[in-house]
Amino acid sequence: MKISGIICEYNPFHNGHLHHIRETRKKGATHIVAVMSGNFVQRGDVAIMDKLERAKLAVRSGVDLVIELPVQYCLSSAENFAAGAVWLLESLGVVNELSFGSECGNIVQLCVAMKSLQSVAMSHHDEIINIMEKGYTYPKAISSILNGIDPKSASIIAEPNNLLAIEYLNAMVRFSSKMKAFTVKRIGTAHDGTAISGNITSASDIRSRIVNENSMRLVRRYMPPIWTEAIIESMQNGSISSIERLERTILYKLRTSTPEEIAMINDVGQGLEHRIYSARMSGSLDELFFMIKTKRYTMARIRRIILSILLGITQEDMRYLPPYGRILAFNEKGREILSQAKGKTTIPYAASIAKLSRISETAGRFAEVEMRASDVYGLSLETVTSAQKDYRAKIMIDME
């Protein structure tokens with residue numbers, strides 16, 4: 001048995017993801033466990049479809065077991081996103097390999113770039129701070145320095161999937177992981193691109209066409225049939241989400257928050273709470289984001305912070321690694337993974353969030369935030385769902 005781990009969002013799943021799974025199988029993986037973002041995703045948005053539906057479809061698309069990444073890690077930096085996901089895979093105790101996509105498709109090059117990045121971060125700390133004080137983001141600052149020292153590594157980290165891959169490698173080192181790293185070269189369009197290559201386009205392009213054009217006509221060829229059918233059904237029953245439906249809820253939350261409350265939110269620092277507070281009277285989400293945005297803060301970071309304010313995710317919440325692994329879906333091979341993991345896990349794994357919430361005070365807090373996230377997510381759908389859906393959720397067990 002060779003168990004491979006994949007970190008994903010499947011927002012939505014497309015042919016590029018299918019290629020990744022197939023290449024992982026070709027490398028010898030007999031079983032695949034995925035750590036997947038829940039109802040909110042790392043770019044600072046709501047997931048296009050409910051997490052349980054995406055988990056079910058993932059299992060029917062080649063994954064054997066799906067574990068949920070806690071929402072505070074979904075709505076955090078790439079470093080934290082990677083750390084939370086790698087921790088969940090490592091804590092399972094049986095995952096042999098971490099498989100991820102990258103633009104370069106070469107583990108050695110990624111490791112060299114990682115070490116070069118670490119070296120520059122330590123040796124040029126003051127210079128990086130000086131550049132940031134001029135209004136530039138940390139990635140921009142460190143990239144500008146690295147480009148003059150190691151242009152090849154600088155070109156590697158300029159690609160988003162390469163940079164995320166390096167964060168995975170960093171997390172593996174941090175946790176002294178026993179997993180081996182394996183990367184699949186990304187094919188087709190760029191991570192957030194709209195260009196189309198063959199039968200592959202980005203998840204971002206697919207989401208845009210679905211949400212903005214309310215049509216599957218132009219994206220059918222880029223997704224497995226079961227996903228297109230599921231999205232069509234979701235469109236028909238009002239289960240496609242949009243952050244725009246949360247606009248008034250977000251504006252209300254900001255208008256009733258104090259600078260002190262905002263300052264406690266995850267990833268808020270350097271006086272950003274005052275800028276956010278000053279923008280609280282915005283009349284729309286677009287105006288809100290525009291008023292807060294500066295060269296120093298990426299739009300994705302601003303969006304994540306705003307959603308963290310809405311969900312009440314604090315800096316204190318990020319002091320803890322996930323205290324449990326919540327199972328969202330599995331098949332017969334997934335059951336074999338869980339059987340193999342018995343007695344080897346370092347944190348509990350279960351399907352019931354109510355059961356997991358009783359493990360410890362920290363677990364209770366994680367469950368509280370997760371359930372709140374699901375309740376708020378229900379407001380982003382065309383057909384609003386009832387609250388406490390996470391308590392009543394039934395995971396998908398596919399034994400076909």
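**Figure 1. Burial in the protein.** Of the 400 residues of this protein, 54% count as buried. The model is a predicted one. About 17600 Å² of the protein is exposed. Carbon and sulfur atoms supply 51% of that area.

**Figure 2. Overall fold and dimensions.** How many helices and strands does the protein have? The secondary structure comes to 20 helices and 10 strands. The radius of gyration is 20 Å, and the globule rule gives 21 Å for 400 residues, so the protein is as compact as a globular protein of that length. The C-alpha trace spans about 55 × 50 × 50 Å along its principal axes. Contacts across the sequence are part of this picture too. Among contacts with a separation of 6 or more, 75% join residues 24 or more positions apart.

**Figure 3. Charged side chains.** The protein carries 49 positive side chains and 42 negative ones. How far apart do the centres of the two sets lie? The distance between these centres is 3 Å.

**Figure 4. Cys 104 and Cys 111.** How many disulfides does the protein have? The count comes to 0. Cys 104 is in no disulfide. The nearest cysteine sulfur to that of Cys 104 belongs to Cys 111, 9.7 Å away. A disulfide needs two cysteine sulfur atoms within 2.5 Å. Cys 111 is likewise in no disulfide, and its nearest cysteine sulfur is that of Cys 104. Is Cys 104 buried or exposed? Cys 104 counts as buried, because its relative accessibility is 18% and the cut-off for buried is under 20%. Cys 111 has a relative accessibility of 25%, so Cys 111 counts as partly exposed.

**Figure 5. Asp 50 and its surroundings.** Where does Asp 50 lie? Asp 50 sits in the loop between β4 and α2. Strand β4 covers residues 45–46, and helix α2 covers residues 51–59. Asp 50 has a relative accessible area of 17%, so this loop residue is buried. Which residues does Asp 50 touch, leaving aside those up to four places away in sequence? They are Asn 39, Tyr 377 and Lys 389.

**Figure 6. From Asp 50 to Leu 92.** This view pairs two residues of the chain. Asp 50 and Leu 92 are 42 residues apart in sequence. In space, the two are 24 Å apart, C-alpha to C-alpha. Asp 50, at one end of this pair, is the buried residue in the loop between β4 and α2.

How values were computed. Residues numbered from 1 in each chain as written. Predicted model: local features only at pLDDT ≥ 70, side-chain atom pairs only at ≥ 80, totals over all residues. Heavy atoms only, no water. Helix = DSSP H or I, 4+ residues; strand = E, 2+ residues; numbered from the N terminus. Rg over C-alpha atoms; globule rule 2.2 N^0.38 Å. Buried < 20%, exposed > 50% of the residue type's maximum accessible area, 1.4 Å probe, protein only. Contact = heavy atoms within 4.5 Å. Areas by Shrake-Rupley, 256 points an atom, 1.4 Å probe, with all protein chains shown as cover. Lys, Arg positive; Asp, Glu negative; His and termini not counted. Charge placed at Lys NZ, Arg CZ, Asp CG, Glu CD.
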